[in-house]
Amino acid sequence: MTFVDAIKSGFVNFANFKGRAGRAEFWYWVLFYVLVSLVAGTVDNTSDTQTVGNLVSLAFLVPNLSISARRFRDAGVTPWL
């Protein structure tokens with residue numbers, strides 16, 4: 001799975017808590033989230049507010065939970081500890 005495919009899959013399957021997410025899909029998603037968070041943090045530091053960072057965190061909340069649950073399932077662990 002390529003970087004772009006992983007990002008598309010993360011947004012298309014944002015509410016899909018069933019199924020599995022491969023290792024590449026999960027780690028490309030994490031990389032994308034970190035990069036977006038760094039950009040949002042830079043914007044927040046230049047404007048002395050934390051609005052952009054809060055919006056990014058809120059926008060990525062459900063997709064992060066979804067892809068994490070699917071990755072746990074792929075690794076053989078129950079996502080509902």
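Which helix gives the largest share of the nonpolar patch? Keep that in mind as you walk through this predicted model.

**Stop one: the surface patch.** Select Phe-14, Leu-58, Leu-61, Val-62 and Leu-65; together they form a nonpolar patch on the surface, with about 470 Å² of accessible area. Colour by helix and you have your reply: helix 4 supplies the largest share, three residues. Now click on Phe-14, which sits in the loop between helix 1 and helix 2. Phe-14 counts as partly exposed because its relative accessibility is 41%, and that class lies between the 20% limit for buried and the 50% limit for exposed.

**Stop two: helix 4 itself.** Select residues 61-74, the 14 residues of helix 4. From first C-alpha to last, this helix reaches 20 Å, close to the 20 Å expected at 1.5 Å a residue. Next, show its buried residues: Pro-63, Asn-64, Ser-66, Ile-67, Ala-69, Arg-70 and Arg-71. To see what covers them, bring up helix 1 (3-12), helix 2 (23-47) and helix 3 (51-59), which are included in that cover. Just past the end of helix 4, pause at Gly-76, where phi is positive, at about 90 degrees.

**Stop three: the core.** Ile-67 is also one of the nine residues in the largest nonpolar core. Select the others with it: Ile-7, Ala-21, Phe-26, Trp-29, Phe-32, Ala-40, Val-56 and Phe-60. Helix 2 gives this core its largest share, four residues. Finish by centring on Val-56: leaving aside residues up to four places away in sequence, Val-56 touches Val-36, Ser-37 and Ala-40.

Conventions. Residues are numbered from 1 along each chain as its sequence is written. This is a predicted model: local features need pLDDT of at least 70, side-chain atom pairs count only at pLDDT 80 or more; totals for chains, interfaces and linings use all residues. Side-chain values use heavy atoms; hydrogens and water are left out. Helices (H or I, at least four residues) and strands (E, at least two) are DSSP runs, numbered from the N terminus. The expected span of a helix is 1.5 Å times one less than its number of residues. Buried means under 20% relative accessible area, exposed over 50%, partly exposed in between (1.4 Å probe, protein chains only). Contact means heavy atoms within 4.5 Å. Patches are made of residues with over 30% relative accessible area and no salt bridge: like charges are joined within 9 Å, nonpolar side chains (Val, Leu, Ile, Met, Phe, Trp, Tyr) within 5 Å. Accessible areas come from the Shrake-Rupley method with a 1.4 Å probe; for residues, only the protein chains shown count as cover. A salt bridge is a side-chain nitrogen of Lys or Arg within 4 Å of a carboxyl oxygen of Asp or Glu. A nonpolar core is a set of buried Ala, Val, Leu, Ile, Met, Phe, Trp, Tyr and Cys residues joined through side-chain atoms within 4.5 Å.
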